[in-house]
Amino acid sequence: MIRGLLFDLDGVIVDTAKYHFVAWQRMAAELGIHFGHEENEQLKGISRVESLERILGWGGIALSPEEKQRWMDQKNAWYLDCIAQMGPDEILPGVSEFLAEARAQGLLIALGSASKNAVPILERIGLLDAFDAIVDGTVVSASKPNPEVFLEGARRLGLLAEECCVFEDAEAGVEAALAGNMYCIAVGNPDHLGAAHRVIQSFVDIPDPAETLLALETL
Ligand code: BG6
Ligand code: MG
């Protein structure tokens, strides 16, 4: 029986991929590396350091550890500029209602995100209190598809992995959930996310958590 919900942040609760894109593209441009939407797609769910390594790899550029740290700090400063104005209006459709209904139904709720900016983002959009546990990039080191972030989320909720359902928008995140032996509902394009137990376009598709989870368990 599913007792807990684990939510990815970027792309599930808020659409921050467009801001990560702006910041990484600015860095790539300064380094003379091509970086388009296709490349950005491949970085969804991937940690900051792993994202940098991939971009440098695409450009065939080798940097010292100090230079890498400087670019990550610079990229994050540009990203923070982008998200400075973020507010509750940027919460994706149906998410607030789904979270409130899930809590009313007694389900436990955790965040499982690779982002080190998760807490300030949740504060800014007014959803910090919707979570019983927060596991983010400041807590775990292994990048998705490693299941560490979700296993730690389940542990903090006091639940077994098989009692949890993960909501993910990234291929790497779906893989992480499945590797952790959890149910997974993907949010987005079924062409990329077909490995999940179910794919939805948005939370508007599943207004009732209990009904959704029951259907998942009988698959
Ligand atoms: C993930 C995003 O949630 O967090 C990635 O999908 C991002 O694109 C990663 O790189 C790390 O985020 P941050 O905020 O710590 O740079
Ligand atoms: Mg995501």
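This section describes the central sheet, its helices and the magnesium site of a predicted model.

The sheet is open and consists of six strands in the order β3-β2-β1-β4-β5-β6, with parallel pairing. Its edges are formed by β3 (133–135) and β6 (198–200), each of which pairs on one side only. Between neighbouring strands of the sheet the average turn is 20°, direction ignored. Helix α10 (residues 209–217) packs on the sheet and touches β1, β4, β5 (183–187) and β6. The direction of α10 makes about 120° with that of β5.

Strand β1 pairs with β2 on one side and with β4 on the other, as the strand order shows. The parallel pairing of β1 and β2 comprises four bridges, and Leu-5 stands opposite Ile-109 in β2. The pairing of β1 with β4 is likewise parallel and also comprises four bridges. In β4, Cys-165 is the bridge partner of Leu-5, and Cys-164 is that of Gly-4.

Strand β2 (residues 108–112) has four buried residues out of five and is therefore largely enclosed by the rest of the structure. It runs parallel to β3, to which three bridges join it; here Leu-111 stands opposite Ile-134. The connection from β2 to β3 passes through helix α6 (residues 118–125), and this β-α-β crossover is right-handed.

In strand β4, five of the five residues are buried, so this strand too is largely enclosed by the rest of the structure. In a regular strand, side chains alternate between the two faces of the sheet. In β4, Cys-164, Val-166 and Glu-168 point one way, whereas Cys-165 and Phe-167 point the other way. Strands β4 and β5 are paired in the parallel sense over four bridges, and the bridge partner of Glu-168 in β5 is Ala-186. Together with α8, these two strands make a right-handed β-α-β unit.

The magnesium ion (ligand 2) has three protein donors, Asp-8 (OD), Asp-10 (O) and Asp-169 (OD), at 2.0 to 2.1 Å. Along the chain, the donors of this ion follow the spacing D-x1-D-x158-D. Asp-10 belongs to the loop between β1 (4–7) and α1 (17–31), and Asp-169 to the loop between β4 (164–168) and α8 (171–179); the pair therefore ties together parts that are 159 residues apart in sequence. Asp-10 has a relative accessibility of 18% and counts as buried, because the cut-off is under 20%. Asp-169, at 11% relative accessibility, also counts as buried.

Helix α1 follows the loop that holds Asp-10. At 1.5 Å a residue, its 15 residues should span 21 Å, and the end C-alpha atoms are 21 Å apart, which agrees. The buried residues of α1 are Ala-17, Tyr-19, His-20, Phe-21, Ala-23, Trp-24, Met-27, Ala-28 and Leu-31. Among the elements covering these buried residues are α2 (37–42), α3 (48–59) and α4 (65–83). Just after α1, Gly-32 has a positive phi of about 70°.

Methods: Residues are numbered from 1 along each chain as its sequence is written. Chains are lettered from A and ligands numbered from 1 in the order in which they are written. This is a predicted model: local features need pLDDT of at least 70, side-chain atom pairs count only at pLDDT 80 or more; totals for chains, interfaces and linings use all residues. Side-chain values use heavy atoms; hydrogens and water are left out. Donors are N, O and S atoms within 2.8 Å of the metal (3.2 Å for Na, K and Ca); water is not among the atoms, so sites may look incomplete. Buried means under 20% relative accessible area, exposed over 50%, partly exposed in between (1.4 Å probe, protein chains only). Two strands pair if DSSP finds at least two bridges between them. Axes are lines fitted to C-alpha atoms, for helices over the stretch in contact, and angles run from 0 to 180 degrees between N-to-C directions. Contact means heavy atoms within 4.5 Å. A crossover is right-handed if, with the strands pointing away from the viewer, the path from the first strand over the helix to the second runs clockwise. The expected span of a helix is 1.5 Å times one less than its number of residues.
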